[in-house]
Amino acid sequence: MYQSILNFKRARYLWLALAVSVMSIATYQWHQPIGMPNGGTWLGYTLGTIGALLIVWLLLLGMRKRSYNSNMGTVQGWTSAHVYLGTALLLIGTLHGGFQFGMNVHTLAYVLMVAVILSGFFGIFVYLKYPNLLTVNRSGDTLDSLLDKVLKIDDRSRRIAATPDLSRLVDSAIDGCEIGGGWWQQLTAKGSSTISIPNAFDSDGQEKSQSNKDQALVIDVLANRLSQLSGGGDEAGAVQGLIANFAAKQTLLRRIKRDVQIRAILKIWLYIHVPISFALLAALITHVIVVFFYW
Amino acid sequence: METFDIAVIGSGPGGMSAGAHAAELGLSHILLEGSPKHSNTIQKYQKGKHVMDTPTKLPLRSPLDFSAGTREYILDKWEEGMTSTNTNIQYGSEVSAIEGSKGDFTITLVNGKKIGAKFIILGIGVQGNPRKLGCPGDEFEHVQYQLDDPDEYKGERIAIVGAGDAAIENAIGLAGSNQVCIINRRDEFARAKQGNLDLITSSISEGVIECFYEANPARIEENPSDESRYIFFLSTPTGEVPVPVDRVIARLGAIPPRRLVESFGIEFPNDSPAALPELSSQYESNVPGMYVIGALGGYPLIKQAMNQGYEVVEYIQGNNIEPADHPLFVEAFDGLPYDKTIDEILEYLQASSPIYNGINPLNFREFILDSKVSQRAPGDELCVKGEFTDSFFVVVDGNAYVKLPGVGEFHFNRGGFFGEQSLISGRRRTATVYAGEGCVVVETPRRSMVKLINSVESVKRVLDEAFILRALQTKFAPNTPHDQLAEVVANTELKTFDANQNIYTEGEHGDEVHLIRIGSVTSVKQSNKKEVITSYMPVGHYFGEAGVMGDGMRTDTVRANVRTETICLNKASFVTLLEKEPGLQKEIQSHVRDRLTVEARMEAQPKGGELMSFLMSEGLGEGTDVLLIDETLCVGCDNCEKACAETHDGNSRLNREAGASFADVHVPISCRHCEHPHCMKDCPPDAIHRASDGEVFIDQEACIGCGNCVRNCPYDVISLQKNPAPKPTLLHWLLTGKGPGPGGKQYAEGETIKKAVKCDACKDNAGGAACVRACPTGAAMRLNPKDFVDLVGSRFGS
């Protein structure tokens, strides 16, 4: 009950990874190759073989995750092992190369491997930290129920807009409201909402589309309007109601954007981690072929 | 007054079959139907719905055709059959009264017309007639009592009368493209489900739907000005209000047919809503000359009803034909060591046990057909301790036995029965029973037993007595022989408590001990003026013993989580048990100590108590296997849903994101495998079962897609789904990107059959539930409610 991937089954794969690492370091220290330590010694080949097999196995997580009928352990167990053995790979790969780097396909494979592992570290960080933030931000709502609330507020706003100009303003603000968008908008929680202000509220002549980021402009325009309607009356009441509505909408939109943002963060790293893994696989195959046929 | 030999009332499958057979034989007959169409219940099915012809093995015996097909196909076939046989059907003839006796009945219709008949066949089903508006004008063409498809109406002014779920759902469904008002006799919507209540109140407050509260329909008049079709006058506390409308839809519920049936003179054995009228083996009721067939007689399946319609006409003619189910018995009794005819075996079986005494032969026939009669090899396990099976056994010949540690073997001989503990409690088997020498047993599924308990008073009494005796012995007095417990058993009482009812309250005096036999309870303590749940107790646990052992003051409040039944022992009885069983005192003291330790731990974690309350309020107290999601670990990848879909024909049976959360514990929409599954309550083909490990599942072969379980489940975890077409393999998808990926589904062309699907907790997979196995972060877990205390401990414990 309540086991994160890090302490799955009392972190059994941590101990496995540590054992592999300690053995690798010890052997590396003990080994006295002719010349510099490198991938061509018997230890280099051994570590290289272990590393290559590990990479293939780490990649298989993607298959296991989708093999829903499989009874080969649980996906959580696989993920836990993936994390710890993937970390150990950093050490094994480095020792395999004996700290020799250069501008060649071998170092390219190494760099890609490091990039994959580092992006994986980011993934672990995200998986441990963000689920909780998601819950806090939702505070009992779901994305659907939040969107539903926004739609209801919009309906109410359209109904209480008492004058044709107010109606146009409200319609334009609602129609121009944007949530989500491309990956950048999602990650930064920025929308590109727009509004065009009817002349009655802004006498600069041209009605044009302006940024209504965070619903700030529409609230601003309504607040200005309210200050002009000092005598009260129907319109003042309507404007007051609209300000309250847009303020409520603003709060909801912030939560929605935050929700979208967290979901995006929880996913985006995989768009880096997985493609580079495949690039690594390609580089690894090249590396192996080059080593055996052309060295 | 027109007079006929046979009057059939109700033109469902049974009634039509009877009418058509009478027509075929050239008998004087009439078939009376209250509504303007035959087969009212089947007419109400959605368009194109596939209707099954279960039980498939039962041969059809009727002049009308019936085989599996769409609703339209079947209705057309029946229509054709009635025309070709020249069946004398009369529509719009609702019956209000029947008087007279065999050979001379007088049927009075609602419109006042009288019809004479020598014999009457009642096939009116159990749906009842919709309650009418009961005001002048309710006979107009556009006043209706049902709504098939809200999308059929556009741009109309529609008044909905009623405040229940049906009325609200209709109002919401129509409001999109019509101007809708809802007319509520009261000042609130008290009867509706929470979801519907939220929808209607928000629609009203937003002005989408207009609502007239405390309004009663006064009359409907045609509108001369032609602006709207009618004017609907409502009487309200402030006077009469005219509402212009084009259509009135009244959803006032149905009048159950029981009272009407009773007014004809037919008797029911008890007040249970599930009770059935007593019938002879020829479907004749206690009123001679009046026969009951179909659902009203307890036979909800179409084919059964049609066969009965045919048979009953034959019986009235004096032809004692063999019932259509005869070949099924030949098959069922194959391999039994009896050289007897079917009827003789049936008689022999019925004579075997006092449990069967009060059952009439017709019901017993059906009962045995539902059951399994078999000879078992000595040493065979009939039921296994710890399994969740819930069938009931009666020994017909030879014996069966349990091994009691320290005591030896206890034998059940001819007439002996077992299995009532699991049947009543919905819990695991409490003992393993083995077949002895020459053992022949009748094994009856839960549903048939429940039906029997509801319709035969004596069965319930005998079972309850056995239950109490065996439960007390298992729990308190394993070493005391049965006869010495008789007095204690006689002094116990079965008590029933509704959900959320307090069984006793902290601070009051009381010295009764309760042993839970159905449901579950929580113990609650007052701490800093707040209630803290300190423990959860399922079936088989007892409480209140501290009152007997101590000063009689209750130190906690015990509350039923769901409808709960307890065996209640008074102080004297409990003391007798303590005297008879020397080890009991010590055991109870240690039980009290253990519980106090848990309670102290829980009291120290008031947040934990709140989490417990939340889990209970979500209805998890009646579950046996509950899916929970730890929100601090869930990354929202939905791999659980994909795994579910991939392992279950492409239809996910869980909705991860929906559902409530509290203290980072999320309860997704997913089956909790209730102790007493609501879904099983009303399944015509008996397709819902409980597997030996407790999983409640739907047999897809048997399901007829009626949707009763979908409506009966309070947790919305069952849905009607089409069976998807096979998908390309994962590798194929990965390499080509063609077809739906993991979790996606693809339908075959023209596939129309929808069947009920729900979680089966992956009962056939040795590795356990796919949702949990597929969760990459360990957020998904499956728990039994009794693990909730540990869950709370791991959440809030130090």
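How many residue pairs are in polar contact between chain B and chain A, with both residues at pLDDT 80 or more? The count is 11. The model is predicted, and this report treats the interface, the domains of chain A and two backbone features of chain B.

## Extent of the interface

On the side of chain B, 39 residues are in contact with chain A, where 28 residues take part. The two chains bury about 2,900 Å² between them, and carbon and sulfur atoms account for 57% of that area. Within chain B, the residues that lose the most area to chain A are B:Glu206, B:Glu657 and B:Arg773; together they supply 22% of what that side buries.

## Salt bridges and contributing elements

Two salt bridges are counted between chain B and chain A. In one salt bridge, B:Glu657 is paired with A:Arg138, with 3.8 Å between the closest N and O atoms. B:Glu657 thus appears twice in this account: it forms a salt bridge with A:Arg138, and it is among the three residues of chain B that lose the most area to chain A.

Several elements of chain B give two or more residues to the side that touches chain A. These are the helices α19 (639-647), α21 (730-736), α22 (770-773) and α23 (788-796), together with the strand β43 (780-783). The largest share, five residues, comes from α19(B). By class, this side of chain B has 18 nonpolar, 11 charged and 10 polar residues.

## Domains of chain A

Chain A is divided into two domains. Domain 1 is made up of two segments, 12-130 and 270-294, whereas domain 2 covers 143-263. Taken over C-alpha atoms, the centres of domain 1 and domain 2 of chain A are 51 Å apart.

## Positive phi in loops of chain B

Two residues of chain B are described here for their backbone angles. B:Asn500 is not a glycine, yet its phi is positive, at about 70°. The residue is located in the loop that joins β28 (493-497) to β29 (502-504) of chain B. B:Asn500 is exposed, its relative accessible area being 59%.

B:Ala663 likewise has a positive phi without being a glycine, in this case about 45°. The loop that holds B:Ala663 runs between β37 (661-662) and β38 (665-666) of chain B. With a relative accessible area of 26%, B:Ala663 is partly exposed.

Methods: Residues are numbered from 1 along each chain as its sequence is written. Chains are lettered from A and ligands numbered from 1 in the order in which they are written. This is a predicted model: local features need pLDDT of at least 70, side-chain atom pairs count only at pLDDT 80 or more; totals for chains, interfaces and linings use all residues. Side-chain values use heavy atoms; hydrogens and water are left out. Contact means heavy atoms within 4.5 Å. Buried area is the accessible area (1.4 Å probe) that two parts lose on being put together, summed over both. A salt bridge is a side-chain nitrogen of Lys or Arg within 4 Å of a carboxyl oxygen of Asp or Glu. A polar contact is a pair of N or O atoms within 3.5 Å; within protein, one must be able to donate a hydrogen and the other to accept it, and residues adjacent in sequence count only if both atoms are side-chain atoms. Helices (H or I, at least four residues) and strands (E, at least two) are DSSP runs, numbered from the N terminus. Ala, Val, Leu, Ile, Met, Phe, Trp, Tyr, Cys and Pro count as nonpolar, Asp, Glu, Lys and Arg as charged, and the others, Gly among them, as polar. Domain bounds come from an automatic or database domain assignment. Buried means under 20% relative accessible area, exposed over 50%, partly exposed in between (1.4 Å probe, protein chains only).
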